[in-house]
Amino acid sequence: MSLENKYNLKSPGVKRLMREARELAEPTEEYFAHPLEDNLFEWHFTVRGPPNTEFEGGFYHGRILLPSQYPMQPPNIILLTPNGRFEVNKKICLSISGHHPESWQPSWSIRTALLALIAFMPTPAAGTIGSLDYTPEERQALAKKSKKWECEICGKIADNLSSQSKSTLNLTHEEASLIQQIALKAEDDTTNKEMCNKPKDDRKIKTTIINEENTLRQRGVSQSCENISEPVADVFMETEVSLNPRTIDQIFTVVMWAIVFVIVLLVGRRFFFLN
C-alpha cells in the first residue's frame, strides 16, 4: 500500500510531510532523509560529519520520529551510528527535538533539523540527555569506521549521500536565521543542563524544593529580625527601669523646691502686709 493511499491527504501534517518528502527526494553531499515505505511518520537520515572538525569524513545515520501533530510539535531524533557525540538508540536532547517543545517553531522542517544536527555535532556536550564527551581522537576513529557502517533498512550509509550534489547547503536567508537561533538556544541550554537531564517529575520536585528553600530563607530572615529586636527591647526596658529611680528623685526635688518657694512667698507676703 502506497503512502498516498494509507494516509488522509487532507491532514495538514500528512500534506506537510508529503511535501517535505518530495523536496528531500534527491540526496545532497551533506544530508539525505526519506520516510519509511510503510510509515510516513518515521524517517531515516544520513548526514556527513562537518568539515574541519573531528567528525570530518564520517557518515552518521539515524531515525526521526515525528508526532501526529507535526509540524506543531517537534520530532525526536535518534542516532544509530556510533559517533562519540551522541548516544546511539537514544532520543537526544536538542532545542530542535522533543525534549524542548517550548523552543520548536512550526516553520522549521526536517531539512532544518538535519542542518541543525550537523551544526550541533562539534558543540560541547554539556551533559545533556543523549550526549557524550569522547576525545577528538576517539571521534576521529569512529568517523573512519562509520564509512563501512550499514543500516538494515537503508544499506551502506556512505552510499546514501551524493558526491556531486547541485544543492550543497544552499541555505535560504530564513534557514540561516533559524540555524542561528538554534545555535543561540544551544548556548542557553548549556546553562540549564541539569534541568535537561532531569525527568519532568524531577524538575517539578526540584522547583518545589527551590521554592521551599526560598520560603525558609525568608522565614530565617524574619526570625533573625525578631531575634535582633528582642535584645533591643530588653535593653530599652532595662534602660527604662534603671532611669525610674533617678526620675523619681528629680520629681521629688522639684516638688520640694516648689513647696519651699510657696512657703517663702506666703511668709514674705504676710510680713509685707504687717508692715
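**Figure 1. A salt bridge within helix α2 of the predicted model joins glutamate 23 and arginine 19.** The side chains of these two residues meet with a nitrogen-to-oxygen distance of 3.1 Å. Both residues belong to helix α2, which covers residues 12-23. They sit four residues apart, about one turn of the helix. Glutamate 23 counts as exposed, at 52% relative accessibility. Arginine 19 is partly exposed, with a relative accessible area of 37%. Side chains of opposite charge can pair when their charged atoms come close.

**Figure 2. Helix α2 has buried residues and the expected span.** Gly13, Val14, Arg16, Leu17, Met18 and Glu20 of α2 are buried. How does the span of the 12 residues of α2 agree with 1.5 Å a residue, and what is the distance between its end C-alpha atoms? At that rise the helix should span 16 Å, and the end C-alpha atoms are 17 Å apart, which agrees.

**Figure 3. Tyrosine 70 touches residues of helix α2 and other parts of the chain.** Tyrosine 70 lies in the loop between strands β3 and β4, the latter being residues 76-79. Is tyrosine 70 buried or exposed? With a relative accessible area of 2%, tyrosine 70 is buried. Leaving aside residues up to four places away in sequence, tyrosine 70 touches Gly13, Arg16, Leu17 and Glu20, and also Trp104, Trp108, Ser109 and Ile110. Gly13, Arg16, Leu17 and Glu20 are among the buried residues of α2. Tyrosine 70 and arginine 16 are 54 residues apart in sequence, while their C-alpha atoms are 8.3 Å apart in space.

**Figure 4. A salt bridge between arginine 63 and glutamate 42 links two strands.** The closest approach of the two side chains in this salt bridge is 2.9 Å, from N to O. Arginine 63 is in strand β3 (residues 59-65), and glutamate 42 is in strand β2 (residues 39-48). The pair is 21 residues apart and links distant parts of the chain. Arginine 63 is partly exposed, at 25% relative accessibility. Glutamate 42 is buried, at 15%.

**Figure 5. Lysine 90 and glutamate 87 form a salt bridge.** The closest N and O atoms of the pair are 3.8 Å apart. Lysine 90 counts as partly exposed, at 35% relative accessibility. Glutamate 87 is partly exposed too, with a relative accessible area of 26%. How many salt bridges are there by this rule? The count comes to five.

**Figure 6. Cysteine 151 and cysteine 154 are not joined by a disulfide.** A disulfide is a covalent bond between the sulfur atoms of two cysteines. A search of the whole structure finds zero disulfides. Cysteine 151 is in no disulfide, and the nearest cysteine sulfur, that of cysteine 154, is 4.0 Å away. Why is there no bond between the sulfur of cysteine 154 and that of cysteine 151? The two sulfurs are too far apart for a bond, because they are separated by 4.0 Å and a disulfide needs the sulfur atoms within 2.5 Å. Cysteine 151 is buried, at 8% relative accessibility. Cysteine 154 is buried as well, with a relative accessible area of 19%.

**Figure 7. Serine 162 is a buried residue in a loop.** The loop lies between strand β6 (155-156) and helix α5 (173-191). Serine 162 has a relative accessible area of 17%, so this residue counts as buried. Which residues does serine 162 touch, not counting residues up to four places away in sequence? The contacts are Pro27, Thr28, Glu29 and Arg48.

**Figure 8. Seven residues named here form a nonpolar patch on the surface.** The patch is made of Ile251, Phe252, Val255, Met256, Ile259, Ile263 and Val267. Together these residues have about 660 Å² of accessible area. One of them, isoleucine 263, has its place in helix α7, which covers residues 200-274. Isoleucine 263 is partly exposed, with a relative accessible area of 47%.

**Figure 9. The setting of the close-up views is a protein of seven helices and six strands.** From the N terminus on, the elements run α-α-β-β-β-β-α-α-β-β-α-α-α. Buried residues make up 36% of the 275 residues. Of the contacts with a separation of 6 or more, 59% are between residues 24 or more positions apart. The protein exposes about 17,600 Å², and carbon and sulfur atoms supply 58% of that area.

Note on methods
Residues numbered from 1 in each chain as written. Predicted model: local features only at pLDDT ≥ 70, side-chain atom pairs only at ≥ 80, totals over all residues. Heavy atoms only, no water. Buried < 20%, exposed > 50% of the residue type's maximum accessible area, 1.4 Å probe, protein only. Contact = heavy atoms within 4.5 Å. Areas by Shrake-Rupley, 256 points an atom, 1.4 Å probe, with all protein chains shown as cover. Salt bridge = Lys/Arg side-chain N within 4 Å of Asp/Glu carboxyl O. Expected span 1.5 Å × (residues − 1). Patch = residues over 30% accessible without salt bridge, like charges linked within 9 Å, V, L, I, M, F, W, Y side chains within 5 Å.
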